[in-house]
Amino acid sequence: MSVAPTLLAVEGLTKSYGGIHAVRGVSFSLRAGEILALIGPNGAGKSTCFDMLNGQNKPDSGHVRLLGEETTGKKPREIWRMGVGRTFQITATFATMTVRENVQVALISHGKKLFNLFGSAPNFDRGEAGRLLELVGMGGYADRPCGELAYGDLKRLELAVALANQPKLLLMDEPTAGMAPRERVELMRLTAQIAKEKAIGVLFTEHDMDVVFEHADRIIVLNRGTLIAEGSPAEVRGNPQVQAIYLGEGLLYEGGHREGASA
Amino acid sequence: MAFYVVQFLTGLASAASLFLVASGLSIIFGVTRIVNFAHGAFYMIGAYIAFTLTERLSGAFGFWGSIVLAALAVALIGVLVEMVLLRRIYHAPELFQLLATFGLTLMVEDLVVLIWGPDDLVGRRAPGFKGAIDFFGQNIPSYDLFLIVLGPVVLGILWLLFQRTRWGVLVRAATQDRDMVAALGVNQKWLFTSVFAVGVFLAALGGALQIPRDAVHHAMDLRIIVEVFVVVVIGGLGSIVGAFVAAVLVSELNAFGILIFPKISIILVFLVMAVVLIVRPWGLFGKPEAAARKTPGLTVNPWRPLTSNERLASLAALLLAATLPLFAGNYALTVGSEIAIFVIFAVSLHFLMSVGGLASFGHAAYFGLGAYGVAFLAKMAGLPMIVCLLLGPLLGCMGAAVFGFFAVQLSGVYFAMLTLAFAQIVWSIAFQWVSVTGGDNGILGVWPEKWAASPSNFYWLALGVAALVTVALRVMVFSPFGYALRATRDSLLRSEAIGINAKRIQWTAFVIAGTTAGIGGALFAYLKGSVFPDNLGISLSVDALVMVLLGGVETVSGAVIGAIVYKALNIWLVSQTDLSKLVLGGFIVLIVVVFPKGIVGMLEMLAQRRRKSSPPGSPLLAKPIESAE
């Protein structure tokens, strides 16, 4: 895995609102197949950082490169076309369409058939849509209206949608927020498995430290807009600075996992 | 110079009434989130009641007392309306609310004629303000000066009311977050009712104060409501200061527009509104809104293409409709043609509104442009009918391409208002550019050629085109483009995140809908043999909205049924009763309150219920003239 090429290179990312430096000179990189967690307390600049990666926010200075190609200043849809899939903290799906149709829309977009006026969308790439749904364990739900799904299923659907353009990089904003503990583990295990199989790099933010330490290959820690620590879960866990910030949070479970989180 | 000063003061005086009505609308919207179309109707009733009272009560006290009394009486009517009607639809999609209050407006228009008669009523002059003041040789009515002072005074009173009273604080809190206010234990019901009463009071006061300046008549509601919408949109929905500034701006534009651009004075105001909406989509003093509620706000069953049984049934219905000339007379065939044309019009709006989630309030513009396109080609270029029919709709297409580009930058109520503004611009061009469009006299003598001239042939032509258009649009709903369009309606965020250029998709849908409407308009020109500015007027746009909602906004092809029922009912009512607006308005209100899913939506629900009780053998659903792909 150490020979995998650098997928995402972030250099000196900076953003301020008025006089407040939300993000200050953040640099890190991500390799194909690697799962990188971006953590930090509330207000650390995680979301700002994240939004600058997916094009929803423009940095004041700094660079984001995907396989050597600059993505700063590009729109979310352009970044998607470069091979970045994403899921949202609060799921965003097409509520009046069925589960399969949700995936089909993404496939239509990927196939650049958006302006095809007279084709048949219900038959569009049904096979691939089915495979993606199977992959995330939603095969049996294909014809269900998306608006009826339970929250955990919506998250899995989002993952299927995010995989529709065969992304090189997955950006997941709090992928397990609002889910039951058991579902969290399942979703992250699934994500990790897909990432390894398809050599997709995954960057995710997360508040649940169990999820982070269980599934991340590497962790970067933000505090007040600057990067304060970076390394393997063990290294980050042992970092006194990180411990100081997180005192009273999940890090106090030295090396242990909560119930349900262990394999 | 003095002349311009006087013109300026006249503008300021007009602004007073406009401000009163607009601030009322703004306050109501801020708290209840209802865009009250009936606000103009309350304004009108205020004027009528004030007229009656001032005739009865004598003296200065009688006059001013009557004005206030009239406003109070109308506020009471407003309370009644709020409690009986609006409370039932606060949770309905905003489009339904707009429609319900529009139905109310229709009813009031007929009621007013019923009570006060159709003639203009000229009211008393205000005691103490009967004269005029000489200003360097120009006369200024002293009543105008009174109004000029009144505007800022009312603004000040409202400011005090909202800043210094407990009620005002609650209203401001509810404007920001009404759920939170409810959670804090405030009785929302009465807060809403009182806000509505205050808003209506202001509207009625505005109307009552107009009687010394203007004659009272039964069409004053629509005139004011369009202007008030413009004011509120320019100023920012929910902002009272914005309403004041915009009222002054609009009134001055009107006052000076007539002097500088007599030909395009009406356009000027709408042009300013369009510019404001594009530069500051939430108005000069408004705040960016949270995402508006989606047009199809109720639960939506996933759409599916017709089953082969349903296709056969649709084909059978179409064939049945095609047999009409075998037994029906000429009048029935003409009515049939008109209905078929309105089916085209309705499905075109439906495509934009239901599939794209973009409720256009000015869709008639593209219908009318298609009609004018045909008229120009036939009368000026003398082209044969078939060429005119093919090329005429292109004018609608071009109009939709230009206006649609700007309109899709907005969404929700603001999209509706901008499309309304564009339609008004097109209407005023048709109305005022007499040398080309014939103005109010229209363009006459656009008759079909011999092959299509007989009522039965024309009926078949209209029916055929309607069927073709309906099928084509239905195919598009289930095309990749249709999926993408629905995706942009359901979630802009997700659409952009999977590479969809939402604005371009919506723009394309707008152009498709506009072109299709233009096809309807082209046929309409030949059916009537003439084209008038009314063919792109507001009432026609509203007709289209009603047809779509009546059929069921959440259905794939409900608009077809909606158009048939509404148009047939409309034509029948006009022939049966003088109070067609009253009946129609009542009907619309009833639909919104009792059958919010529309006719087809209701049928589908019933069918589904039956299907659940008896799983095998799906019952044939009566479907309109749509056939196989």
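Is Gly119(A) buried, exposed or partly exposed, and how many other C-beta atoms lie within 10 Å?

**Entry 1: Gly119(A)**

I looked at this residue in what is a predicted model. Gly119(A) sits in the loop that runs between helix H3 (99-110) and helix H4 (126-135) of chain A. I found 17 other C-beta atoms within 10 Å of Gly119(A), so I entered this glycine as partly exposed. Setting aside neighbours within four places in sequence, I noted contacts of Gly119(A) with Lys113(A), Ser479(B) and Pro480(B).

**Entry 2: The contact between the chains**

Two of those partners belong to chain B, and I turned next to the chain contact as a whole. I recorded 29 residues of chain B in contact with 33 residues of chain A. On the chain B side, the elements that give two or more residues are H21, helix H22 (480-490), helix H23 (492-497) and H24. H22(B) provides the largest share of that side, with eight residues. By class, I listed the chain B residues that touch chain A as 17 nonpolar, eight polar and four charged. For the model, I noted an ipTM of 0.88 and a pTM of 0.84.

**Entry 3: H21(B) against H24(B)**

How do the axes of helix H21 (residues 455-477) and H24 of chain B cross? I read a crossing at roughly 175 degrees, with the axes coming within 11 Å. The two helices are therefore roughly antiparallel to each other; the cut-off for that term is an angle over 145 degrees. From H21(B), the contact is made by Phe458(B), Ala462(B), Val465(B), Val469(B) and Leu473(B). From H24(B), Thr516(B), Ile519(B), Leu523(B) and Leu527(B) make the contact. I classed the residues of this contact as eight nonpolar, one polar and no charged.

**Entry 4: Ala462(B)**

I then examined one residue of that contact, Ala462(B), which has its place in helix H21 of chain B. I counted 27 other C-beta atoms within 10 Å of Ala462(B). The cut-off for a buried residue is 20 or more, so Ala462(B) is buried. Not counting residues up to four places away in sequence, Ala462(B) touches Ser337(B), Ala340(B), Ile341(B) and Leu523(B). I also looked up Ile344(B), which is 118 residues from Ala462(B) in sequence, with the two C-alpha atoms 9.1 Å apart in space.

**Entry 5: The six-stranded sheet of chain A**

In chain A, I traced an open sheet of six strands in the order E6-E7-E8-E3-E9-E10, with mixed pairing. Strand E6 (84-87) and strand E10 (226-231) are the edge strands, and each pairs on one side only. On average, neighbouring strands of this sheet are turned by 15 degrees against each other, direction ignored. Within the sheet, I followed strand E3 (residues 35-39) and strand E9 (residues 218-223), which run parallel and are joined by four bridges. Leu36(A) stands opposite Arg218(A) of E9(A). Helix H1 (residues 46-54) of chain A lies across E3, E6, strand E7 (169-173), strand E8 (201-205) and E9. I noted that H1(A) runs at about 145 degrees to E7(A).

**Entry 6: The four-stranded sheet of chain A**

I found a further open sheet in chain A, of four strands in the order E2-E1-E4-E5, with antiparallel pairing. Strand E2 (20-31) and strand E5 (69-70) stand at its edges with a single partner strand each, so one side of each is left without a neighbour in the sheet. E5(A) is joined by two bridges to strand E4 (residues 61-66), and the pair runs antiparallel. In this pair, I saw Leu66(A) standing opposite Glu69(A).

**Entry 7: A hairpin in chain B**

In chain B, I followed strand E1 (residues 132-135) and strand E2 (residues 138-141), which pair in the antiparallel sense over four bridges. Pro141(B) is the bridge partner of Ala132(B). The hairpin has two residues between its strands, and I noted that Phe136(B) takes a positive phi near 45 degrees.

**Entry 8: Confidence along chain B**

I recorded a mean pLDDT of 86 for chain B, with 95% of its residues at 70 or more. Among the elements of this chain, helix H24 (residues 502-528) has the highest mean pLDDT (96) and helix H28 (residues 598-613) the lowest (76). Over residues 291-298 of chain B, pLDDT stays under 50, and the model has 23 contacts beyond four places in sequence for them. Residues 614-629 of chain B are also below 50, with 44 contacts in the model beyond near neighbours in sequence. Where pLDDT is low, the predicted coordinates should not be read in detail.

Definitions and conventions. Residues are numbered from 1 along each chain as its sequence is written. Chains are lettered from A and ligands numbered from 1 in the order in which they are written. This is a predicted model: local features need pLDDT of at least 70, side-chain atom pairs count only at pLDDT 80 or more; totals for chains, interfaces and linings use all residues. Two strands pair if DSSP finds at least two bridges between them. Axes are lines fitted to C-alpha atoms, for helices over the stretch in contact, and angles run from 0 to 180 degrees between N-to-C directions. Two residues are in contact if their C-beta atoms, placed from the backbone, lie within 7 Å. pLDDT is the predictor's confidence in each residue, from 0 to 100. A residue is buried if 20 or more other C-beta atoms lie within 10 Å of its own, exposed if 12 or fewer, and partly exposed in between; C-beta atoms are placed from the backbone. Angles under 35 degrees count as roughly parallel, over 145 as roughly antiparallel, 65 to 115 as roughly perpendicular and the rest as oblique. Ala, Val, Leu, Ile, Met, Phe, Trp, Tyr, Cys and Pro count as nonpolar, Asp, Glu, Lys and Arg as charged, and the others, Gly among them, as polar.
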